[in-house]
Amino acid sequence: MSELIDRFLNGERRALARVITRVEAESEEGRELVRALYSRTEAAHTVGITGSAGSGKSTLTGGLAKELRARGKTVGIIAVDPSSPFTKGAILGDRIRMQDLALDPGVYVRSMAGRGALGGLAPAINDVVAVVAAFGFDYVLIETVGAGQDEVEIAGTALTTVLVNNPGTGDDIQAMKAGILEIADVLVVNKADLPGADTLASQLRALLSLSPAGERRPPILKTIAAKDEGMVELADAVDEHRQFLRESGGERKRRETNARHQLLATAQAILLEKIRQRTEGGNLESLVARIADRELDPHTAAEELIATLNLG
Ligand SMILES: Nc1nc2c(ncn2[C@@H]2O[C@H](COP(=O)(O)OP(=O)(O)OP(=O)(O)O)[C@@H](O)[C@H]2O)c(=O)[nH]1
Ligand SMILES: [Mg+2]
């Protein structure tokens, strides 16, 4: 393992890929690797790019990466649960750009599943982000699909969250309902070449004006990711938010919020796994049957399960 870490620290891509595979498997070895590398994760700026399926997240991520590269920065990209392969939309959008990115030693792209074995978010997401950050990229971009609690949670791993909206889809109202607007640090109206972009931008502006006075209002950017338009402004907005976090002391706060979230989510995963190990086949199944027969309510049954762990 220490040889793998040495190669990782030497900047070998294949070592990075192997470390991610082990971390993703949630093996004991993977956890040891995270333990060994975790202290190195602080320098990278993590950016979550979220929004509904097909809103142009991959194309936008590619465009942002290209702009950051033009500024001499290195970029790691993690696409969580891509409903289309990362390159698909981007190839449609701009074939040459993605080829450039794929060949660029300053860019690393990796896809991963967002679901754990027991359903829910894969606990490994945070670990994979940490490992990619530890490799030494200046920026780590995390693309996630959807508009709901999962995305809010994934956004919890990033310092800056970019929310991608499209004109004329109506899903923005959904996004606001899910409270996702509250986690957006930068709002993007992508596909601004389609009708309704200005209307959407002003609707978003109106909504933001309802937030308490004195709070930071996220900028609203119009982009045409498929044509690389607005990428300079997007990179600027990400850096401005980073600067804001630093100057306001918000970076520390956000790191603590993220740390609290990750700690509790990890503890939950460990407990769930322990409960499963100790009760599978036996107690678990009998409790399941008794709930199904309405002999027992789920709450009492859950208390019984937890009692098997002897937590006191
Ligand atoms: N008209 C227009 N189309 C765009 C724009 N940006 C992306 N697209 C297209 O929208 C489609 C989806 O783009 P992707 O980048 O794959 O979107 P995504 O959000 O990553 O999609 P999933 O990962 O599958 O959720 C592709 O056909 C893109 O070419 C844009 O600014 N304008
Ligand atoms: Mg995508």
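# Questions on a predicted model

Colleague: Over which residues does pLDDT stay under 50?
Modeller: This is a predicted model, and its confidence varies along the chain. The stretch in question has 20 contacts beyond four places in sequence in the model. Its pLDDT stays under 50 over residues 83-96.

Colleague: Which element has the lowest mean pLDDT, and which the highest?
Modeller: The chain averages a pLDDT of 84, and 83% of the residues score at least 70. Helix 5, residues 86-103, has the lowest mean, 53. The highest mean, 97, belongs to strand 7.

Colleague: How many helices and strands does the chain have?
Modeller: The chain has 312 residues, and 38% of them are buried. Among contacts between residues at least 6 apart in sequence, 76% join residues at least 24 apart. The count of elements is 13 helices and seven strands.

Colleague: Which helix gives the most to the largest nonpolar core?
Modeller: That core has 62 residues. Those with the most contacts inside it are Val131, Val132, Val140 and Leu141. The top contributor gives nine residues and runs over 124-134: helix 6.

Colleague: Where does this core lie with respect to domain 1 and domain 2?
Modeller: Domain 1 covers 1-40 and domain 2 covers 41-248. Both give residues to the core. The core therefore lies between domain 1 and domain 2.

Colleague: Which residues is valine 131 in contact with, leaving aside its neighbours within four places in sequence?
Modeller: Val131 is among the residues with the most contacts inside the core. Its partners, with sequence neighbours within four places set aside, are Val19, Ile20, Val23, Val34 and Leu37.

Colleague: How far apart in space are tyrosine 38 and valine 131, C-alpha to C-alpha?
Modeller: Tyrosine 38 is in the loop between helix 3 and strand 1. It is partly exposed, with 14 other C-beta atoms within 10 Å. Tyrosine 38 and valine 131 are 93 residues apart in sequence, and their C-alpha distance is 7.3 Å.

Colleague: Do the buried residues of helix 2 sit on the same side or on opposite sides?
Modeller: The buried residues of helix 2 are Leu16, Val19, Ile20, Arg22 and Val23. They cover an arc of only 165° around the axis, which puts them on the same side.

Colleague: What covers the buried residues of helix 2?
Modeller: Helix 2 spans residues 13-24 and reaches 16 Å from its first C-alpha to its last, close to the 16 Å expected. The cover over its buried residues includes helix 1, helix 3, strand 3 and helix 6.

Colleague: Is glutamate 26 buried or partly exposed?
Modeller: Glutamate 26 lies in the loop between helix 2 and helix 3. Its phi is positive, about 55°, although it is not a glycine. Most residues other than glycine have a negative phi. Because glutamate 26 has 17 C-beta neighbours inside 10 Å, it counts as partly exposed.

Colleague: And lysine 191: buried or exposed?
Modeller: Lysine 191 also has a positive phi, of about 65°, although it is not a glycine. It sits in the loop between strand 6 and helix 9. With 26 C-beta neighbours inside 10 Å, lysine 191 counts as buried.

Colleague: How far apart are the end C-alpha atoms of helix 10?
Modeller: Helix 10 has 18 residues, 231-248. At 1.5 Å a residue they should span 26 Å. The model agrees, with the ends at a distance of 25 Å.

Colleague: Within what arc do the buried residues of helix 10 fall?
Modeller: The buried residues are Met231, Leu234, Ala235, Ala237, Val238, His241 and Leu245. They line one face of the helix, because seen down the axis they fall within an arc of 160°.

Colleague: Which exposed residues does the face turned away from the buried side of helix 10 carry?
Modeller: The buried residues pack against strand 1, helix 4, strand 5, strand 6, strand 7 and helix 11. The face turned away from them carries Gln243, Arg246, Glu247 and Ser248.

Colleague: Which glycine follows helix 11?
Modeller: Helix 11 has 30 residues, which should span 44 Å; its end C-alpha atoms are 43 Å apart, in agreement. Helix 10 is followed by glycine 249, with a positive phi near 75°. After helix 11 the phi is again positive, near 85°, at glycine 281.

Note on methods. Residues are numbered from 1 along each chain as its sequence is written. Chains are lettered from A and ligands numbered from 1 in the order in which they are written. This is a predicted model: local features need pLDDT of at least 70, side-chain atom pairs count only at pLDDT 80 or more; totals for chains, interfaces and linings use all residues. A nonpolar core is a set of buried Ala, Val, Leu, Ile, Met, Phe, Trp, Tyr and Cys residues joined through C-beta atoms within 7 Å. A residue is buried if 20 or more other C-beta atoms lie within 10 Å of its own, exposed if 12 or fewer, and partly exposed in between; C-beta atoms are placed from the backbone. Helices (H or I, at least four residues) and strands (E, at least two) are DSSP runs, numbered from the N terminus. Domain bounds come from an automatic or database domain assignment. Two residues are in contact if their C-beta atoms, placed from the backbone, lie within 7 Å. The expected span of a helix is 1.5 Å times one less than its number of residues. The arc is that of the directions from the helix axis to the C-beta atoms. pLDDT is the predictor's confidence in each residue, from 0 to 100.
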